[in-house]
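Thank you for making time for this today. I would like to walk through one structure with you, moving from its aromatic contacts to its core and then to its charged side chains.

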Amino acid sequence: MNTDSSCSFWYVMRTTYGRERRAVDYMQRHGARTFFPTKQQKKVTSAGKVILQETGLLPNLFFLYATEEEAKSFAYDNTHLP
């Protein structure tokens, strides 16, 4: 396996509860390639309305395609990312 630091790989990234979308959006704004598998789920509100809500298929997880250095810079960015 080539471990050259300039090669990109898929990394599994973990966030705190319910903040996957925020992290994915932040990374995409900074030019990162991400994959966040989601599903549409029907939810009934207290008023009886049915709404569609997008939820992640893998709770608290998403994927980042990056070099090791890029992945580490996002992983250790506690200021902007949960």
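Let me begin with a question: does Tyr 26 count as buried or exposed, and at what relative accessibility? What you have in front of you is a predicted model, and in this model Tyr 26 counts as buried, because its relative accessibility is 10%. A search of the whole structure finds three aromatic pairs, and one of them is formed by Tyr 26 and Phe 74, whose rings are arranged edge-to-face, with 6.4 Å from centre to centre and 85° between the planes. This pair links distant parts of the chain, since Tyr 26 belongs to helix α1 and Phe 74 to helix α2, 48 residues apart. Phe 74 is buried as well, with a relative accessible area of 12%.

Phe 74 also brings us to the largest nonpolar core, which has 13 residues, and in which Met 13, Met 27, Ala 32, Phe 62, Leu 64, Phe 74 and Leu 81 touch the most other members. At least two residues of this core are supplied by each of α1, β5, which spans 61-66, and α2, which spans 68-75, and the largest share, four residues, comes from α1. If we take Leu 64 and leave aside its neighbours within four places in sequence, its contacts include Met 13, Met 27, Ala 32 and Phe 74, and among the others are Phe 9, Trp 10 and Tyr 11.

Let me turn now to the charged side chains. How many salt bridges does a search of the whole structure find? The search finds three, and I will take them one by one. Arg 21 forms a salt bridge with Asp 25, where the closest N and O atoms are 3.7 Å apart, and both residues lie in helix α1, four residues apart, about one turn of the helix. Arg 21 is partly exposed, with a relative accessible area of 34%, and Asp 25 is likewise partly exposed, with a value of 28%.

Arg 21 has another partner, for its side chain also meets that of Glu 54 in a salt bridge, at 3.4 Å from N to O. Here Arg 21 lies in helix α1 and Glu 54 in strand β4, residues 50-56, so the pair ties together parts that are 33 residues apart in sequence. Glu 54 counts as partly exposed, at 42% relative accessibility.

The side chains of Lys 72 and Glu 68 meet in a further salt bridge, at 3.2 Å from N to O, and these two residues are separated by about one helical turn, because they are four residues apart in helix α2. Lys 72 is partly exposed, with a relative accessible area of 41%, and Glu 68 counts as partly exposed at 35%. Salt bridges that share partners, I should add, join Arg 21, Asp 25 and Glu 54 into one network.

Against that background I would draw your attention to Glu 20, which is placed in helix α1, residues 20-29. Glu 20 is buried yet has no salt bridge, and the nearest side chain of opposite charge, that of Arg 21, is 7.9 Å away. Leaving aside neighbours within four places in sequence, Glu 20 is in contact with Thr 15, Phe 36, Leu 58, Pro 59, Asn 60 and Leu 61.

One last arrangement concerns Arg 33, whose charged end sits over the ring of Tyr 65, 4.9 Å from the centre of that ring.

Key: Residues are numbered from 1 along each chain as its sequence is written. This is a predicted model: local features need pLDDT of at least 70, side-chain atom pairs count only at pLDDT 80 or more; totals for chains, interfaces and linings use all residues. Side-chain values use heavy atoms; hydrogens and water are left out. Buried means under 20% relative accessible area, exposed over 50%, partly exposed in between (1.4 Å probe, protein chains only). Lys and Arg count as positive and Asp and Glu as negative; His and the chain ends are not counted. A salt bridge is a side-chain nitrogen of Lys or Arg within 4 Å of a carboxyl oxygen of Asp or Glu. Contact means heavy atoms within 4.5 Å. A nonpolar core is a set of buried Ala, Val, Leu, Ile, Met, Phe, Trp, Tyr and Cys residues joined through side-chain atoms within 4.5 Å. Rings of Phe, Tyr and Trp (its six-membered ring) pair if their centres lie within 6.5 Å; planes under 30 degrees apart count as stacked, over 60 as edge-to-face and the rest as tilted. A charge sits over a ring if NZ of Lys or CZ of Arg is within 6 Å of the ring centre and within 35 degrees of the ring normal.
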